[in-house]
Amino acid sequence: MNMPMAAIIKKDLGGITSNKRMFYTLLIVPMVMTVVLPTVFIFIPYFVPEEEEGFLKMVEMLPHLELDESMHKSIIRMVLNYILPVFFLIIPIMSSSVMSASSFVGEKEKRTLETLLYSPLPLKQIFMAKVAASLWLSMSVSAISFLVMSIVLEVETLLTTGSFIMPDGKWLIVMLLVSPAVSLIAITLTVRASAKAKSVEDAQQGAVFLLLPVIFLVAGQFTGILLVDTWILVLVGGLCALLGLWLLKKSMGSFQYETLLK
């Protein structure tokens, strides 16, 4: 990565952190999904035992149920290893769309597009810098959310069960393969749409549709209709990575000045 590309990435990231509305969105929404909701799942069976029956039905659907542990610990394990990983497909898409939706149309609205095009970078590298900035942001938000979630959940687990419950191998696949791959697909499509959009809102509306398949997957996890196993995550992650790289290469190849100046 050369210095002009790094400068574009730094400028875009600085624009997000200086915008309080966007910054608070990136801060609050992931925390609600990874800290508040899991805390509710952990403490509802603890303080409202009559609600445990509904959780029990979901636990019984798990492919690997440790029969030697308490039901409350089984519920925590289910939330940690079967429900929360899917949230880390929503978080990178949501966080990256905040920046990628305004990547080019935002430059038009601020009347800085001409200055950007006068930079020494070819248009393909400008496109790559926009994608890289959004990808860096989404992965940073995901990593911070995972760290905070892990600390809070382990403390809550220790308080309610007297021991820790460690994440299983799915988390490694989600954080290092599936989440970056899904994020790359969403960012590439959103940045490309941003170049043709008339406003940031138009580009963001397109990004919302990218969340629909993941929302259905979350619903499947909650209802027990679909429980994503490890080998499925590896397969999905690999396919998404290949699709993301193909979309990025194709988008860069077809990206022209006429697209931006319409």
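Helices and strands are taken here as DSSP runs, helices (H or I) of at least four residues and strands (E) of at least two, numbered from the N terminus.

**Figure 1. Overall view of the protein chain in a predicted model.** The protein chain has twelve helices and zero strands, so that by the DSSP runs used here its pattern along the sequence consists of α elements, written α-α-α-α-α-α-α-α-α-α-α-α. Of its 262 residues, 48% count as buried, and the accessible surface comes to about 13300 Å², with 71% of that area belonging to carbon and sulfur atoms. Among contacts in the chain with a separation of 6 or more, 81% are accounted for by residues 24 or more positions apart.

**Figure 2. Close-up of the largest nonpolar core.** This core has 60 residues, and those with the most contacts inside it are Leu84, Phe104 and Phe127. At least two residues each are supplied by α1 (3–18), α2 (20–47), α4, α6 (113–117), α7, α8 and α11 (230–254), and α4 gives the most, with 15 residues. In soluble globular proteins, nonpolar side chains tend to be buried together.

**Figure 3. Close-up of the surroundings of Leu84.** When neighbours within four places in sequence are left aside, Leu84 is in contact with Met33, Pro38, Val79, Met149, Leu153 and Trp171. Leu84 is also among the residues with the most contacts inside the largest nonpolar core.

**Figure 4. Close-up of the aromatic pair formed by Phe88 and Trp171.** The structure holds three aromatic pairs. One of them joins Phe88 and Trp171 in an edge-to-face arrangement, with 5.2 Å centre to centre and 85° between the planes. This pair links distant parts of the chain, since Phe88 lies in helix α4 (residues 71–100) and Trp171 in helix α8 (residues 170–196), 83 residues apart. Phe88 counts as buried because its relative accessibility is 0%, and Trp171, with a relative accessible area of 3%, is likewise buried.

**Figure 5. Close-up of the aromatic pair formed by Phe146 and Trp171.** The rings of Phe146 and Trp171 form a tilted pair, with 5.1 Å centre to centre and 45° between the planes. Here too the pair links distant parts of the chain, with Phe146 in helix α7 (residues 123–161) and Trp171 in helix α8, 25 residues apart. Phe146 counts as partly exposed because its relative accessibility is 22%, whereas Trp171 is buried. Phe88, Phe146 and Trp171 together form one aromatic cluster.

How values were computed. Residues are numbered from 1 along each chain as its sequence is written. This is a predicted model: local features need pLDDT of at least 70, side-chain atom pairs count only at pLDDT 80 or more; totals for chains, interfaces and linings use all residues. Side-chain values use heavy atoms; hydrogens and water are left out. Rings of Phe, Tyr and Trp (its six-membered ring) pair if their centres lie within 6.5 Å; planes under 30 degrees apart count as stacked, over 60 as edge-to-face and the rest as tilted. Buried means under 20% relative accessible area, exposed over 50%, partly exposed in between (1.4 Å probe, protein chains only). A nonpolar core is a set of buried Ala, Val, Leu, Ile, Met, Phe, Trp, Tyr and Cys residues joined through side-chain atoms within 4.5 Å. Contact means heavy atoms within 4.5 Å. Accessible areas come from the Shrake-Rupley method with a 1.4 Å probe; for residues, only the protein chains shown count as cover.
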